[in-house]
Amino acid sequence: MKKHQKRLLFREITMPRLNKNQRLIAIGMLEAGLRHVDVAEHLGVSRGTITRLAARYRVRGTVDDLPRSGRPRVTTPVQDRHIRTSHLRYRFLPATSTAVVTPGRENDRISAQTVRNRLADYGIRARHPYHGLRLTPPRRRYRAHWAHQHLRWTQNQWNTVLFSDESRFCLDRPDGRMRCYRRRGERYSDACVLERDRFGGPSVMVWGAISFHGRSELIRVQGNLTGHRYRDEILAPVVVPFFNANRNVTLFQQDNARCHTARVSMRYLDEQHVRVLPWPAFSPDLSPIEHLWDVLDRRVRRRDPQNADQLEEFLHQEWEAIPLHEIQNLIRSMRRRCTTVVNANGGHTRY
C-alpha cells in the first residue's frame, strides 16, 4: 500500500466530525472550484466525507443533520419553563426537591438529573456560591453613595491615599482548589487524606499599608489590637513617619474596625494632622490592599513554611519582594471598583 493511501486510510479511521462551520467552509470551497481531495486535505478529513457532504447538500440544500428521534422527553414544555422559573426565583433550591413535586409523562415523578438537564438547556448550572458579607439595605445605600461620591476622583487623587489593613495568615489553611486523585475505596487511606489542625493551627496576624508611591513595613500584631496598642505600635511608629517622609501622600484609609475608630486613635491622627478617608462598612471589595493579601499568601505558600516563626519570616521577605508595579495596578483599579459598586446598587461585586 502506498504512503498516500495509508495516510487516507488512517484519516478515515480517526476522522473527526465536521461541525456546522466546517461544513459551510467545505461547501464554499467546493463551489469555488476546489477538488474534493483538496478540501479534505485542508479540513483534515477523508475525501469520502467531503463527497458525502456534497451529495447531501445537492439533495437537501442544507448542511444540517437530519432530526433524530432519541429518547422521548419525560417533561412537557410547560414543565420545563416551570422548572426554570422555580430555580431562578430561589437559587438554592435543590434539584431533588423539584424532582419530587414534578410528575413525568409515565412516572409519578422525574429524576433529579432530568431537572439538571432541563436547567442546563437554559444555561443554568449548579456552582459553588460566593460567600459574601451580609449587606443590609442601609449598608448597600451607604456603599453606593460613597462609591458615587468618589466615582469622579482622578488617578492623581487616588495616588495620595495610603490604604491600610490587617490580615491573619494561618500556617495550615484548607485550600478549596486542591483535589485528590484516588480510586474507589481509597478515601480514608493515608495517601489520600490531607491532614490539618481543626482551627488552622499556628497563625500570624500582620498590619500593612500601601500607596501608589510605596509601602509601609509589615508589622506583626500579637493578641487583641486595642485602640491604645494601635496608636502606640502602628500609628506612631509607622503611619505618621510614612506621611512625614512622603509629602505626596495626604489621605489615610482604614476600615471601621473598633481599634481604628476608637477615640484614642482618631484623636491621635487629628493631632498629627493626618486626614482620614471616610470608609463604608463591610466594603473589602473597595480596598485594593485586600487583593495584595491574596498575592502575599500565594507567594508565601509556595515556600511552604513549617512553623509560625518561618511563616513570619517569609511574610516579611515576600512583602518586600512584591513589585511596586503590582501595587500601582491595584491602586489604578479604584475607579473601576467604584463603578462596579454603583452599578450593583451597593451590592456584592466581583472584587
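**Exercise 1. Aromatic pairs**

Are Trp153 and Trp158 buried or exposed? Classify the geometry of their ring pair, then do likewise for Phe243 and Phe252.

Solution. The model is a predicted one.

Step 1. Trp153 is buried, and Trp158 is buried too.

Step 2. Rings pair if their centres lie within 6.5 Å. By this rule there are 7 aromatic pairs. The ring centres of Trp153 and Trp158 are 4.6 Å apart and their planes stand at 45°, so this pair is tilted.

Step 3. Phe243 and Phe252 also form an aromatic pair, with 6.2 Å from centre to centre and 85° between the planes. An angle over 60 degrees counts as edge-to-face, and the pair of Phe243 and Phe252 is edge-to-face.

Step 4. Buried means under 20% relative accessible area. Phe243 has 8% relative accessibility, so Phe243 counts as buried. Phe252 is buried because its relative accessible area is 0%.

Step 5. Trp153 and Trp158 also belong to a cluster linked by ring pairs, together with Trp146 and Trp279.

**Exercise 2. Arginines over rings**

Which arginine lies over the face of Tyr122, and which lies over the face of Phe314?

Solution.

Step 1. For an arginine, the test requires CZ within 6 Å of the ring centre and within 35 degrees of the ring normal.

Step 2. Over the face of Tyr122 lies Arg84, at 4.7 Å from the ring centre.

Step 3. Over the face of Phe314 lies Arg303, at 4.0 Å from the ring centre.

**Exercise 3. The largest pocket**

Describe the largest pocket by its volume, its lining and the helices that contribute to that lining.

Solution.

Step 1. The space in the largest pocket is about 520 Å³.

Step 2. Its lining has 17 residues; nearest the centre are Arg91, Ile124, Arg125, Ala126 and Arg127.

Step 3. By residue class, the lining divides into 10 nonpolar, 3 polar and 4 charged residues.

Step 4. Helix H5 (77-89) and helix H7 (112-121) each supply at least two lining residues. H7 gives the largest share, 4 residues.

**Exercise 4. The largest nonpolar core**

Which residues touch the most other members of the largest nonpolar core, and which element supplies the largest share of this core?

Solution.

Step 1. The largest nonpolar core has 35 residues, and Trp158 and Leu315 touch the most other members.

Step 2. Elements that each supply at least two residues of this core include the strands E1 (161-170) and E2 (203-211). The helices that do so are H8 (137-149), H13 (289-301), H14 (308-321), H15 (324-332) and H16 (334-343).

Step 3. The largest share of this core comes from H13, with 6 residues.

Step 4. Trp158, one of the two residues named in step 1, is also a member of the tilted pair with Trp153.

**Exercise 5. Positive phi outside glycine**

Where do Phe282 and Asn345 lie, and what is the phi of Phe282 and of Asn345?

Solution.

Step 1. Phe282 lies in the loop between E6 and H13. Its phi is near 55°, a positive value in a residue other than glycine.

Step 2. Phe282 has 34% relative accessibility, so Phe282 counts as partly exposed. Its C-alpha atom is separated by 39 Å from that of Val100, which is 182 residues apart from Phe282 along the chain.

Step 3. Asn345 lies in the segment after H16. Asn345 is not a glycine either, yet its phi is positive, about 55°.

Step 4. Exposed means over 50% relative accessible area. Asn345 is exposed because its relative accessible area is 58%.

**Exercise 6. Two further residues**

Place Arg275 and His42 in their elements, and compare sequence separation with C-alpha distance for the pairs Arg275 and Arg247 and His42 and Met29.

Solution.

Step 1. Arg275 is in strand E6 (residues 275-277). Its relative accessible area is 52%, so Arg275 is exposed.

Step 2. Arg275 and Arg247 are 28 residues apart in sequence, while their C-alpha atoms are 13 Å apart in space.

Step 3. His42 belongs to helix H3 (residues 36-43). With a relative accessible area of 55%, His42 is exposed.

Step 4. His42 and Met29 are 13 residues apart in sequence and 9.9 Å apart in space, C-alpha to C-alpha.

Methods
Residues are numbered from 1 along each chain as its sequence is written. This is a predicted model: local features need pLDDT of at least 70, side-chain atom pairs count only at pLDDT 80 or more; totals for chains, interfaces and linings use all residues. Side-chain values use heavy atoms; hydrogens and water are left out. Rings of Phe, Tyr and Trp (its six-membered ring) pair if their centres lie within 6.5 Å; planes under 30 degrees apart count as stacked, over 60 as edge-to-face and the rest as tilted. Buried means under 20% relative accessible area, exposed over 50%, partly exposed in between (1.4 Å probe, protein chains only). On a 1 Å grid over the protein atoms alone, a cavity is a set of points where a 1.4 Å probe fits but cannot get out, and a pocket is an open set with protein on both sides within 12 Å along at least five of seven lines; lining residues have an atom within 4 Å of a point. Grid points are joined across faces, edges and corners, and a volume is the space filled by probe spheres set on the points. Ala, Val, Leu, Ile, Met, Phe, Trp, Tyr, Cys and Pro count as nonpolar, Asp, Glu, Lys and Arg as charged, and the others, Gly among them, as polar. A nonpolar core is a set of buried Ala, Val, Leu, Ile, Met, Phe, Trp, Tyr and Cys residues joined through side-chain atoms within 4.5 Å.
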